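Please take a moment to look over the model shown below before reading on. The paragraphs after it go step by step through one part of the chain.

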Amino acid sequence: MSDIQKEIQTWINAETIAGRSIDENRLHQYIQQLAKRHNSTPRDEFNGLSPEEMYNIMYHPFSSQCLVELNQLEKEQYERIPLVRQTLFLLKTLSEKELKLTSLGWLPSKIVAETYRLGQPEWIVEEYGAKRIFEYDIHSVWMARSILELLRWIKTRKGMLSLTAKGKKALSDIDMAANEILRCSLTGTNLHTFDGYDEDRIGNLGMTYSVWLLNKYGSEWHFGDFYWHLYEKAFHFPGNYDAYETRVLSRLFYWLGIVEQRLNKQVGPPFEDEYKKTDLLSMIFSFKLGLHKI
């Protein structure tokens, strides 16, 4: 018997002992009160959020019902976000000319290099100093292209990449386009595309919750497993934290510029990265605590 069932039975017993009759309407009203209290009560597994707040985080992400909202920004602000900047560059490039893809369907290396320079530094380039870089190595560029494909703003035909009618229309309102790019990066993409981890739901599920956690704890440096344990507590995924850290912290959040990343050489070896939120987080998102913004 669940705790709620026990509470209902206790109430029925108390009402019966007191000589008060229990009809269907009274029972229904009591159950509604219990449900309302349950849904509004902070839960430890949700890091102090209530089931109702968590429901809105999961099913109404970045909406007015959610504790985390996407702000409406202006062009200059959107262009401060590295991944958005990269994606807009690809979109504008395709508005000028179609791109001939490689025989395996990848972007030409010249375009990859130009797009990469607009985003965050990636170790495979910075550490090894590769003279030619390819889309399958530079995951932020791959991500930028994937976003445009998911939005159906680009298409591939006979080895050529070009804009669709929707893509051409998107260019007529850059602020709208940038907002759609940002929203898609957070809710529409499949971060497991870029790795070999078995569980594809880790990180993809509850992205808004990860943003909320970063805002709550990101003023100080934390290792990736700190965020993983908070996330896993809510979603109960087995395994280690590597998939979560890779997908959410060291890739998406880093590509968006909302985390700063550093290697901590005081603990280990092996040495691990730590993460801290940047000012871009509060520029991009508004956060609420209950009915009050914070």
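Which strands does α13 lie across, and at about what angle does α13 run to β6? In this predicted model, α13 lies across β6 and β7, and its direction makes an angle of about 125 degrees with that of β6.

The strands under discussion belong to an open sheet of three strands, whose order is β5-β7-β6 and whose pairing is antiparallel. The edges of this sheet are formed by β5, which covers residues 222-223, and by β6, each of which pairs on one side only. Between β5 and β7, which run antiparallel, there are two bridges, and within this part of the sheet His222 stands opposite Tyr275 of β7.

The helix and two of these strands also come together in another feature, the largest pocket, which has a volume of about 710 Å³. This pocket is lined by 25 residues, and those closest to its centre are Glu122, Trp123, Ser250, Gln261 and Asp273. At least two lining residues come from each of α7 (123-126), α13 (242-256), β6 (259-264) and β7 (272-277), and among the contributors α13 gives the most, with seven residues. As for the character of the lining of the largest pocket, eleven of its residues are nonpolar, ten are charged and four are polar.

Taken together, α13 can be followed from its place across β6 and β7 to the lining of the largest pocket, to which β6 and β7 each supply at least two residues as well.

Notes:
Residues are numbered from 1 along each chain as its sequence is written. This is a predicted model: local features need pLDDT of at least 70, side-chain atom pairs count only at pLDDT 80 or more; totals for chains, interfaces and linings use all residues. Side-chain values use heavy atoms; hydrogens and water are left out. On a 1 Å grid over the protein atoms alone, a cavity is a set of points where a 1.4 Å probe fits but cannot get out, and a pocket is an open set with protein on both sides within 12 Å along at least five of seven lines; lining residues have an atom within 4 Å of a point. Grid points are joined across faces, edges and corners, and a volume is the space filled by probe spheres set on the points. Helices (H or I, at least four residues) and strands (E, at least two) are DSSP runs, numbered from the N terminus. Ala, Val, Leu, Ile, Met, Phe, Trp, Tyr, Cys and Pro count as nonpolar, Asp, Glu, Lys and Arg as charged, and the others, Gly among them, as polar. Two strands pair if DSSP finds at least two bridges between them. Contact means heavy atoms within 4.5 Å. Axes are lines fitted to C-alpha atoms, for helices over the stretch in contact, and angles run from 0 to 180 degrees between N-to-C directions.
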